[in-house]
Amino acid sequence: MVNPSDIIQAGEHVLIKMPSDNVKCVVLNAGSTISLGKFGSFKANDIIGHAWGNSYEIYDRDNKTRVYHPDDMNEIDETANNNREIVDDGASQKLTSEQIKALKNEGLKGELTGEEIVNKLKESHATFDKKTAYSQAKYLQKKGKKFHKVFTPIKPTTYSLNEYYYIKNPAKIRDIRMDTLSQLLSYSNVHAGSKLLVVDDTQGMIVSALAERMGGKGTILGLYDGDSPHYDIVKYMNFDQEHLNSIKTLSWGRIHRPVGEKTPDELQDVTQLTGKDLEGYHRRLKAYNIVEESRKILFEGNFDGLIIASQYQPESILEKLVQYVRGSRPVVVYHTYKEALLETSTWMRKCPDLLAPQITESWLRKSQVLPGRTHPEMSTWGTGGSLLTATKVIDFPVQAALTKRERLAIEKKNAEAKKQKRAREESEAASGSEAVETTTTSITTITSTTTTTSTEEPEGDERSSKRIKQE
């Protein structure tokens, strides 16, 4: 059975790689026509339902397409030719600029294929046979990028979208390169069933990578700044509903419920609403429930990791969110500049909740891989950003080192001790009340006796004084 994800579906986002190596992101709507500029255009229905990975050639006036099979890359035979006597002054090409322009127009009309145009240019080149075999292959490749009408649909993935954005506009994804993103996923210990807390200002690049790695199993809570999350890359990934349901979002401004905020039920009486008012009520109720669910997930805590890639100072975010991460879980911070992470690393070393902060920076250089011509490219990319990693200190390190049976035994023992202590306090309280009553009765009796004695003493004094008088 064919997996639907392996087939190009209508309505999906697709990356189109053109002969010039430029990439264009389009939506394949059924019945639409996709324009590729000077390379022509094609009908979306011609590739919908086909498998990913094929290249297609536009070969007719009606812009028909067919599967293109490139020539095999074979070893280039060495020759005695060299480029010492070749002068690159433009005079070697016998065709004039007007004739070359006419060939281009014929190619756009579909009267000539790109391969035919390249062959005409090769035949009219006076010094082509004098070039070395490597120079000839390089010349044909260069002309093919201009005139071949071949395109390749590429499936949107974490790798392809990261490369697309990093080449086109790296500032949108905060210059995070694929090798750095791979390290971030590794340090974060992302797997199916994870519960992750994310602050992503990379147009959803990190959230998309996490969702793809987790396969829709687990929960991703993304905190964003503003009225709505800017996760454009998420919609380009063609996620199914299971993946989308695993992504929850919450605005920084709505983490705590405003004082006096009322629910939609308290604001309006549903029984009196009809038509558009009722539809608006249901929309507000749905939005309210989404925010409440995200708040509940955040305050429950027990996240398996915290990932930060924000424009704000990282330590200001860590102060608020570290408390929601479980013990012995990773904390990963990405930033374009290493200097910003140095201050955060110093803050982490003073924080008692984080352990062993470490800054890493990767370096990447692309290489050309061709038979007999494999070598690093002359130009390379700039920085791909830096990562700061640490581990959340577990709350109860002694109990964490025990086995499950030992922890249960300790919990049972503590429960019995609490029960005995409570019973002892109750018995002491009861005996104390009885002692108070006995003491009160004794005091009352002693007081009465004392009163009686003090009352009888004057009579004795009077008798004594009378006896003295008689004598």
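**Exercise 1.** Which residues do ring pairs link into a cluster with Phe 42?

*Solution.* A word on the model: it is predicted, so local features need pLDDT of at least 70 and side-chain atom pairs pLDDT 80 or more, while totals for chains, interfaces and linings use all residues. Residues are numbered from 1 along each chain as its sequence is written, and side-chain values use heavy atoms, without hydrogens and water.

Step 1: Rings of Phe, Tyr and Trp (its six-membered ring) pair if their centres lie within 6.5 Å; planes under 30 degrees apart count as stacked, over 60 as edge-to-face and the rest as tilted.

Step 2: The cluster joins Phe 42 with Tyr 56 and Phe 151.

**Exercise 2.** Classify the pair of Tyr 56 and Phe 151, then place both residues.

*Solution.* Step 1: The structure holds 5 aromatic pairs. In this one, the centres are 5.7 Å apart with 25° between the planes, a stacked pair.

Step 2: Tyr 56 belongs to strand β5 (residues 55-58) and Phe 151 to strand β7 (residues 150-154), 95 residues apart. Strands (E, at least two residues) are DSSP runs, numbered from the N terminus.

Step 3: Both Tyr 56 and Phe 151 are buried (under 20% relative accessible area; exposed is over 50%, partly exposed in between; 1.4 Å probe, protein chains only).

**Exercise 3.** Why is the pair of Phe 299 and Tyr 324 tilted?

*Solution.* Step 1: The ring centres of Phe 299 and Tyr 324 lie 6.3 Å apart with planes at 55°, so the pair counts as tilted.

Step 2: Phe 299 is partly exposed at 40% relative accessible area, whereas Tyr 324 is buried at 13%.

Notes
Helices (H or I, at least four residues) and strands (E, at least two) are DSSP runs, numbered from the N terminus.
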